Amino acid sequence: MAQDVFTPGIVPGRLEPGEYDSHFSDLHPRLDDHAALVAADRCYFCHDAPCITACPTDIDIPLFIRQIATGTPDAAAKTILSQNIMGGMCARVCPTEQLCEEACVREKAEGKPVLIGQLQRYATDHLQEQGIHPFVRAASTGRKIAVVGAGPAGLSCAHRLAMHGHDVVVFDARPRPGGLNEYGIASYKTVEGFAAAEVDWLLQIGGIEIRTGVALGREETLAGLRDQYDAVFLGMGLGGVNALRVEGEDKDGILDAVDFIADLRQAGDVATLPVGRDVVVIGGGMTAIDAAVQSKLLGALNVTLVYRRGRDRMNASVYEQDLAASRGVRIVTSAMPVGVTGNGAVREIEFSYVDADMKPTGETLRLAADQVLKAIGQTLEGEGLPALDGGKIAVDAVGRTSVDGVWAGGDCASGGDDLTVTAVAEGRDAAMDIHASLTAG
Amino acid sequence: MADLKSDFVGIKSPNPFWLASAPPTDKEYNVRRAFDAGWGGVVWKTLGLDPHVVNVNGPRYGAVYGADRRLLGLNNIELITDRPLQTNLDEIKVVKRDYPDRAMVVSLMVPCEEEPWKYILPLVEDTGADGVELNFGCPHGMSERGMGSAVGQVPEYIEMVTRWVKANTRMPVIVKLTPNITDIRQPAGAAMRGGADAVSLINTINSITSVDLDLFAPEPTIDGKGAHGGYCGPAVKPIALNMVAEIARSPDLQGLPVSGIGGITTWRDAAEFMALGAGNVQVCTAAMTYGFKIVQEMISGLSDYMDSKGMTSVDEIVGRAVPNVTDWNQLNLNYVAKATINQDLCISCGRCFAACEDTSHQAIAMSDDRTFTVIDDECVACNLCVNVCPVEDCITMEQMAPGTTDPRTGKVVEPEYANWTTHPNNPAAKAAE
């Protein structure tokens, strides 16, 4: 029965048991005490530091690094978490090379930034592993707020509201809270159930009730929530997935990358997960990279990531692209899928190369494929929502929507760049505006 | 490659880098390794009378660190040699025999009476050592017993003991001075009057490096207690340089050779001591931090420097900077400089801005795009921005040409030298006329 990387079709168990452990271990293990002190010593404690400006949640990075350097990592964690309650997850998944670490003056000086992300993880892990929750809930205000979506935006909003004494009910359609932290991020970025542990830690503030298996438009409506609660925050993310719109898209073996990743994240034993021998991932964002790399790590022989535009237009960071390449993923750019062939199940997928104006060049590419993962973007689903802008809920700078008493943030809201850290910032800022609105006068 | 041969008060060595009397020179094994590594000489760890002293059996050192745990300052509570006198004498003799071209100086510390000196000096002479160094410096432990800095802090004692030693040996005598005094010229003058061939300085500085905040005890902590120790390492170099210069430029002390000690870590440190008047240098903490191999960098560095300056003897460096050490009241008040920031080198950390804005003269402007520029109208050329900038040569002090107008004062920069003694704000200026 032994399967290996050459076995055709979509099968589990392509690797030796020990290989799975090494493939899905922590991408960046936590710095030990010594490494953290050495890394912290490189911080120049810049004035009005560029790294703070680059952080969507405005974490006072020089201060927390100085707190690490002086032997008070728990104080550092509080500095981080007071701005970003999911600082632990952001330390793992933030594209720091495009944010704080890109802005670090030592990147400019030596091409080697201070390891801000890893130092942040060092501090937050240090505090959270002790089970310490450093924030205290204010006296109850008696106000009730509904938060739709238990992802980074919703939980950030809920925590901030609870801290100010409001009672919060968080609804989520999935069986477990966490949103994309729990279902949508590559395993090797958040190992050992960190996403769930972080949610448990966050809920220690009190005053937050989580109701899973409840979706807007299914068990609840926005109008109903507005009636029952003093304010509503919408942070349900993007539930829909874009289609390829090519002939043969319904063949077996073609699935959404987000589902593939969610199955992987929820699997008790990744060795039981089936994966194709020849996997083709279509898309150019972080989801595409995560799906491609994990396919390879599961034992796929050939993994090709195909993106319709040039490499410079890929949403995935250069770091992520390099990570994929180093794991053996082939990246093809400027190619659009035009047809899927196969008898029942996909066997081959054909691409047409395109120029910068997306016009076919006449060149084509045919890739053997027994599994195709679609990662070409997600869409907002739902009816009776506030006014939209570009397919997302239109919001102002503090998350107010077109509907009175309804705020929104995270991936479902306009603006932002669909990063975890941005969602946390938007949830936090909306919470502050909700709090101000409810306590005004 | 320049010839680094050194002749210090008649003691010859292949280079001017000696290891100071300290743990690295405590026994034959270490000293052989030092000579094999290339050190020009050693001052053997201080000998005393038997029964030999004992050391604590807990920590002897405490430290002060810079970034990345770089050792900047070291403090010790170790005493003089804790081995029998004859053991040391025997080892000194065989090492000197095997390394005849290296300088072998023996540090001594015996009670403040003539007899012990009369007793020990012939024993040292018998080893073939090149000279002796009188340890009047150790500030801890031995000073409680009336030796070390307890002698070095009383010029009359220094003069008296030095005279005894000179009367009882043919060897050159170097008197090692303690910095734990107010005016280094006083003990140096006493040594000179006593007939010393040279002084060496500085010995260590009284210090407590840190406090254990759990035990509430000074470091290093011995069973819950701590005693002050002697501080050394890069952190004390500025103090040592000043004391060396004070001796070098004192009219009363002209001709008194100085062996420079205090935080010397690189060839550059050594050259600086020599430029301020030290005939050679002694090193300890740097060797204790990095091992004996550092002398190779010191040799190549000093040699390259001398080649670049066209110097053929280390004596050409000695004292070269002394004429430029002066008193504050002799500094040219008509010299006007302004800070300049090299925008190509600037990494926009903003430390210059924070320092100037918060603690100085609000003379640096910061733009929205983090460009930092000097406001000449406010800049007093204090140099703080240069000092806090993490990039070498990014901020420099540029002299304003005579005839130009200083935008801060609105005054034309005068070409003539003028100092405080004649400044109109000096109440004493008129009286001096």
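Colleague: How many residue pairs are in polar contact across the interface of chain A and chain B?

Modeller: In general, look for nitrogen and oxygen atoms that pair up, with one able to donate a hydrogen and the other able to accept it. This model is predicted. Here the rule finds six residue pairs in polar contact across the interface, both residues at pLDDT 80 or more.

Colleague: Which helices of chain A supply at least two residues each to the side that touches chain B?

Modeller: Two are listed: α2 (33–41) and α8 (105–110). The largest share, three residues, comes from α8(A). By class, this side of chain A has eight nonpolar, one polar and three charged residues.

Colleague: How many salt bridges does the rule find across the interface of chain A and chain B?

Modeller: Zero.

Colleague: How much area do chain A and chain B bury between them?

Modeller: Think of area that two parts lose on being put together. The two chains bury about 1,000 Å², and 59% of it lies on carbon and sulfur atoms. In chain A, the residues that lose the most area to chain B are A:Asp41, A:Tyr44 and A:His47. Together they make up 53% of what that side buries. As for contacts, 12 residues of chain A meet 14 residues of chain B.

Colleague: Now the interior. Is A:Ile289 buried or exposed?

Modeller: The cut-off for buried is under 20% relative accessible area. A:Ile289 has 0% relative accessibility, so it counts as buried. This residue sits in helix α15 (residues 286–297) of chain A.

Colleague: What is A:Ile289 in contact with, leaving aside its neighbours within four places in sequence?

Modeller: Its contacts are A:Leu305, A:Met314, A:Ala316, A:Glu320, A:Gln321 and A:Ala324.

Colleague: Which residues of helix α14 of chain A are buried?

Modeller: In α14 (residues 257–266), they are A:Ala257, A:Phe260, A:Ile261, A:Ala262, A:Leu264 and A:Arg265. Their cover includes α11, α12, β6, α15 and β13 of chain A.

Colleague: Which residues touch the most other members of the largest nonpolar core?

Modeller: In soluble globular proteins, nonpolar side chains tend to be buried together. The largest such core here has 81 residues. B:Phe17, B:Trp39, B:Trp117, B:Val175, B:Leu201 and B:Ile247 touch the most other members. A second, separate core of 79 residues includes A:Ile68, A:Ile208, B:Ala339 and B:Val391.

Colleague: What does B:Trp39 touch, not counting residues up to four places away in sequence?

Modeller: Among its contacts are B:Phe17, B:Leu19, B:Arg102, B:Val283, B:Phe292 and B:Met298.

Conventions
Residues are numbered from 1 along each chain as its sequence is written. Chains are lettered from A and ligands numbered from 1 in the order in which they are written. This is a predicted model: local features need pLDDT of at least 70, side-chain atom pairs count only at pLDDT 80 or more; totals for chains, interfaces and linings use all residues. Side-chain values use heavy atoms; hydrogens and water are left out. A nonpolar core is a set of buried Ala, Val, Leu, Ile, Met, Phe, Trp, Tyr and Cys residues joined through side-chain atoms within 4.5 Å. Buried means under 20% relative accessible area, exposed over 50%, partly exposed in between (1.4 Å probe, protein chains only). Contact means heavy atoms within 4.5 Å. Helices (H or I, at least four residues) and strands (E, at least two) are DSSP runs, numbered from the N terminus. Buried area is the accessible area (1.4 Å probe) that two parts lose on being put together, summed over both. A salt bridge is a side-chain nitrogen of Lys or Arg within 4 Å of a carboxyl oxygen of Asp or Glu. A polar contact is a pair of N or O atoms within 3.5 Å; within protein, one must be able to donate a hydrogen and the other to accept it, and residues adjacent in sequence count only if both atoms are side-chain atoms. Ala, Val, Leu, Ile, Met, Phe, Trp, Tyr, Cys and Pro count as nonpolar, Asp, Glu, Lys and Arg as charged, and the others, Gly among them, as polar.
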